[in-house]
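Q: Please go through this model and explain, term by term, what justifies the words used to describe it.

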Amino acid sequence: MTPYFTELFGNPSSIHAVGQQARYALDEARDRVARVLNCRAREVVFTGGGTESDNAAIVGVATALQETGNHIITTSVEHHAVLHTCQHLESQGYDVTYLPVDSDGIVQPDAVSRAITDRTTLVSVMYANNEIGVVNPIPEIAPGGQAAGLFHTDAVQAAGYLDLDVRKLGVDLLSLSGHKFHGPKGTGVLFIRRGAPFLPFLLGGGQERERRSGTENIPGIVGLSVALETANSQREESSRHCAALRDRIVDQVLARVRGSRLNGHPTQRLPNNANFSFPGVEGEPILLGLDMAGVAASSGSACSSGSLEPSHVLLALGQSAEVARGSLRLTLGKDNTDEQVDYLLDVLVDLVERLRQLPSLTTAGS
C-alpha cells in the first residue's frame, strides 16, 4: 500500500501519467478480487466497508425494482447493517419478512420459498453469522430467492475460511469487508452480477461503472485485494489451524465451566468461532475481566449507558434474555497458539466461577 500513499498518489480518473499509474493499480486489484470470487472484473465494486456493501446491495436492488414489487425477505439473525437497512426501507413503505432460524441458528431453505410472494424482489441471507459463527447452506437457499428476484448474501465473516466462488454459491450480490481478512479498515467489496438491476445511492462522478461514485481509495483497495488473495490461498491451512484450537476451547469450556452452553450448530460453523452462554453471569463483567487479563473477546450483547441488552441472535435461537446477556464470543486467527488457548481457558474458568459468587454481577432471576 505504501507507494500509493506517496509517489503513486494519482487519481485513477485522470488521464495524466500519475493518474494512469493509479488506474493500473486499481485494475490489478479488481482482477485479484475477481479471481477469488470467480466473477468478471467488472462485477466487482469497491466500497468503504461491509456496512456500505450491505446497505448498497439492499437499497440498490429495492429501489431499482420498486415498480416491480416492494417485498424483501431477510432473517432475524442478520448483522445490523442488513437489519437496520431493512427497517429503514419499512419506514419508506416496503414490506419486509424476517425469517426465523432453527435452534442452532440456521436458516432452512424451504423457509425462504414459503415466504416468497408475487411482490418479492430481493432475498438477503447471511453466509456465516457474525456472532455465533453458524454457516448457512447458501447454495441450497439461493435458488429459491432467485426464483422471486435477486439474492444477496452478507459474506463478511466467511472470507478467509469459506469458498467465495459466487457461481457455486449461486448469488447475485455478495458483500465483503477488508479488515475481516487482515486487510485495511474502511475497505469493502460488493459483487453485483452483470445485468442485475441496481441503483447507486452514492452519486457524483460515476466511478465504479456508475455504481459507487467517489474517488477510489487506491491504497486501501490495493491492500484489500492482496489481503483477500492471501487469505484465500491460505484458507485450508488457516481453517485447520483455527478449527483445532476452537475445538479445544469448546471441549474444555463445556467440561470445566458448569452450566456453560455452546451457541450455534456444533459443527456447521466457522472454524474460528466459539460462542458460549454462561447462565448466572452477564457478559459485560466477563469481557472486562478477560480484558484485564490481556484477552480480547467480544459479546453478542451491546452495552449502552450501563444497560446490557441481550443479543438479538441469541433471542432468535429461543434463549431467554437473562441467559442471552451472559454470552461470550471468542474469535481465533491464524496467529493464535496453543499456549494462548491454555491461558484463556485458565483465566476464563476462574473468572466465571468468581463472578458467580458475586450476587451484584449475576443476572436477575438466576
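A: Two strands are said to pair if DSSP finds at least two bridges between them. The model discussed here is a predicted one.

Q: What makes strand 9 and strand 12 a pair, and in which sense do they run?
A: Strand 9 (residues 273-277) and strand 12 are joined over 5 bridges, and the rule asks for at least two, so the two strands count as paired, in the antiparallel sense. Within this pairing, Asn273 has Thr331 of strand 12 as its bridge partner.

Q: Why are strand 8 and strand 12 called edge strands?
A: The open sheet has 3 strands in the order 8-9-12, with antiparallel pairing. Strand 8 (261-262) and strand 12 (327-331) each pair on one side only, and they are the edge strands. Helix 9 (residues 235-256) packs on this sheet, where it touches strand 8, strand 9 and strand 12, and its direction makes about 15 degrees with that of strand 9.

Q: Why are Phe276 and Phe278 called a stacked pair?
A: Their ring centres are 6.1 Å apart, and the limit for a pair is within 6.5 Å; their planes are 25 degrees apart, and angles under 30 degrees count as stacked, so both conditions are met. By this rule the count comes to 1 aromatic pair.

Q: Are Phe276 and Phe278 buried or exposed, and how do you know?
A: Buried means under 20% relative accessible area. Phe276 has 0% relative accessibility and therefore counts as buried, and Phe278, likewise at 0%, counts as buried too.

Q: What makes strand 7 mostly covered, and which way do its residues point?
A: Of the 5 residues of strand 7 (residues 188-192), 5 are buried. Gly188, Leu190 and Ile192 point one way, whereas Val189 and Phe191 point the other way.

Q: How do you know which strands pair with strand 7?
A: Strand 1 (residues 44-47) shares 4 bridges with strand 7 and strand 6 (residues 173-177) shares 5 with it, and at least two are needed, so each of them counts as paired with strand 7, in the antiparallel sense. Thr47 stands opposite Gly188 of strand 7, while Leu173 has Ile192 as its bridge partner.

Q: How is the packing of helix 2 and helix 3 described?
A: Helix 2 (residues 50-64) and helix 3 (residues 80-91) pack at an angle of about 30 degrees, with their axes 9 Å apart. By class, their contact has 7 nonpolar, 3 polar and 1 charged residues.

Note on methods: Residues are numbered from 1 along each chain as its sequence is written. This is a predicted model: local features need pLDDT of at least 70, side-chain atom pairs count only at pLDDT 80 or more; totals for chains, interfaces and linings use all residues. Side-chain values use heavy atoms; hydrogens and water are left out. Buried means under 20% relative accessible area, exposed over 50%, partly exposed in between (1.4 Å probe, protein chains only). Rings of Phe, Tyr and Trp (its six-membered ring) pair if their centres lie within 6.5 Å; planes under 30 degrees apart count as stacked, over 60 as edge-to-face and the rest as tilted. Axes are lines fitted to C-alpha atoms, for helices over the stretch in contact, and angles run from 0 to 180 degrees between N-to-C directions. Ala, Val, Leu, Ile, Met, Phe, Trp, Tyr, Cys and Pro count as nonpolar, Asp, Glu, Lys and Arg as charged, and the others, Gly among them, as polar. Contact means heavy atoms within 4.5 Å.
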